Amino acid sequence: MADADDCLFDFLKEDQIEEWLDHLDEVFEATPRSYFAGHFVHDVTPDLEGIRVAIDKRTGRIVATVRVFIRKMFWDGAVVPVGGIGEVSTKAAWRGKGLASTLLNQALHYMKSRGLHCSSLHTSKAAPVYAKLGWRAVPRITIRRPIDDLVRRAAETTGAAAGVFGKVLPLNWTDLPMVDALMPLYSQYASRWNGPLVRASHRYWQQWVPNEPHRALAVGHRSEDGTYELEAYAAFGPKKREEHVLLLSDFCVSDKVYAGDRGFGALLLLLHYFLTDYHGRTLHDAASVRRTYTEFVYPACIFGGAEPFMPEWQQVDAGTMYRADSPAMQLKFDTADPKSHLFWTTDSF
């Protein structure tokens, strides 16, 4: 029976890219090949050496892979270089033979060679495997609530909110002045939390962010000279494998808006526009809205006590894990407060 000794461990070569995408498509049955192709094409820090593969010596075929995404994140107000572990996958016949562990160890060596002394990942089932290699879970708290009440409140408050915040603007990722206005808005907001990724390049905003299956909207004003002043931004989309659940996949507000109600009023305005304009119906047709989305999910930390919630709406996700070479940084991860831990699905790797 084949085992790890029957594999060659290396980094991905140019002539293996299509086969590698086929491998991901085979293993991740619920995720289309185009999703991984988009991740590959739109990554702003591509490096084939960061894509580790296990190759069956007998057939020359890829049987497992691990990928490192070179990123930076906010933590305690500082910018921390981090390697994002993603696309960890092994063909069914090769599971349980230590291939993923070998590839993950190679990934750790690769990250160290690139000056990445922290790493993060997201898992639903494999936490014990990662824990053996030093990753530790930092829980994230989300709110999963019925959408009906939010739909009603959005309809009641949207007129007043529009007067306060300005005009709702669909995000045009090719409009450079709009992206220019969004980048500092996001950075000042994201730096409040532990875990959000730094998005410091136009390429990331214009290539990676639009690749996610969501619709993005902003609130603000466009000046006569073509520049923008934005007060809030949000992206909405269906939760993966739960089409009836609407997910807040990205969000930020200005300091002024945050000082009021932490941006909940702006969220209601943007939610109103998303449900009416994007789906081509009015909020008065509540039954139609319910047939499309019955629940709304967002991170608990972003609104805190500004928006009360029922205890049964709260969910704890222990699938986000971190690892650090530095004992001081690892201590920060180990003692992190879940109430300040945030990661947007827009940045998923």
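## A salt bridge between strand 10 and helix 8

In this predicted model, E231 and K256 form a salt bridge in which the closest N and O atoms are 3.6 Å apart. The pair links distant parts of the chain, since E231 belongs to strand 10 and K256 to helix 8, and 25 residues separate them in sequence. The two partners can also be described by their surroundings: E231 has a relative accessible area of 9%, which is under the 20% limit, and so it counts as buried. K256, with 63% relative accessibility, is over the 50% limit and therefore counts as exposed.

The general idea behind such pairs is that side chains of opposite charge can pair when their charged atoms come close. Across the whole structure, a search finds 26 salt bridges, and some others are described next.

## Salt bridges from the loop before strand 2

The loop between helix 2 (33-42) and strand 2 (51-56) holds D43, whose partner R71 lies in strand 3 (residues 62-75), so this pair ties together parts that are 28 residues apart in sequence. Their side chains meet in a salt bridge with an N to O distance of 3.0 Å, and both R71 and D43 are buried.

D47 forms a salt bridge with R114, and here the closest N and O atoms are 3.1 Å apart. This pair also links distant parts of the chain, for D47 is in the loop between helix 2 and strand 2, while R114 is in the loop between helix 3 and strand 5, 67 residues apart. D47 is partly exposed, with a relative accessible area of 24%, and R114 is likewise partly exposed, with a value of 36%.

## A network of charged residues

Salt bridges can also join into a group, as they do for R145, D149, R152, R153 and E307, which are linked in a network.

## The surroundings of R199

R199 is located in the loop between helix 6 (176-190) and helix 7 (202-208). Is R199 buried or exposed? Its relative accessible area is 1%, and R199 is therefore buried.

The side chain of R199 makes a polar contact of 2.8 Å with the side chain of D250, and another polar contact, of 2.9 Å, joins the side chains of R199 and D347. When residues up to four places away in sequence are not counted, the residues that R199 touches include M183, Y186, Y204, W205 and Y233, together with D250 and D347.

## Strand 5 and the open sheet

Seven strands form an open sheet in the order 1-2-3-4-5-14-6, and the pairing in this sheet is mixed. Strand 1 (7-11) and strand 6 (136-137) stand at the edges, each with a single partner strand, so that one side of each is left without a neighbour in the sheet. As a general point, strands of a sheet pair through backbone hydrogen bonds, either parallel or antiparallel.

Strand 5 shows both kinds of pairing: strand 4 (residues 78-90) runs parallel to strand 5 and is joined to it by three bridges, whereas strand 14 (residues 320-324) pairs with strand 5 in the antiparallel sense over five bridges. On the parallel side, G84 stands opposite S120 of strand 5; on the antiparallel side, the bridge partner of H122 is T320 in strand 14. Strand 4, helix 3 (residues 99-113) and strand 5 together make a right-handed β-α-β unit. Why is strand 5 described as largely enclosed by the rest of the structure? The reason is that four of the five residues of this strand (residues 118-122) are buried.

## Two residues with positive phi

R241 has a phi near 65°, which is a positive value in a residue other than glycine. R241 is found in the loop between strand 10 (228-239) and strand 11 (242-253), and with a relative accessible area of 61% it is exposed.

R262, which is not a glycine either, has a positive phi of about 65°, and R262 lies in the loop between helix 8 (255-261) and helix 9 (264-278).

## Confidence in the model

The mean pLDDT of the protein chain is 91, and 93% of its residues reach 70 or more. Over residues 278-287, however, the pLDDT is below 50, although this stretch has 18 contacts in the model beyond near neighbours in sequence. Where pLDDT is low, the predicted coordinates should not be read in detail.

Methods: Residues are numbered from 1 along each chain as its sequence is written. This is a predicted model: local features need pLDDT of at least 70, side-chain atom pairs count only at pLDDT 80 or more; totals for chains, interfaces and linings use all residues. Side-chain values use heavy atoms; hydrogens and water are left out. pLDDT is the predictor's confidence in each residue, from 0 to 100. Contact means heavy atoms within 4.5 Å. Buried means under 20% relative accessible area, exposed over 50%, partly exposed in between (1.4 Å probe, protein chains only). Two strands pair if DSSP finds at least two bridges between them. A crossover is right-handed if, with the strands pointing away from the viewer, the path from the first strand over the helix to the second runs clockwise. A salt bridge is a side-chain nitrogen of Lys or Arg within 4 Å of a carboxyl oxygen of Asp or Glu. A polar contact is a pair of N or O atoms within 3.5 Å; within protein, one must be able to donate a hydrogen and the other to accept it, and residues adjacent in sequence count only if both atoms are side-chain atoms.
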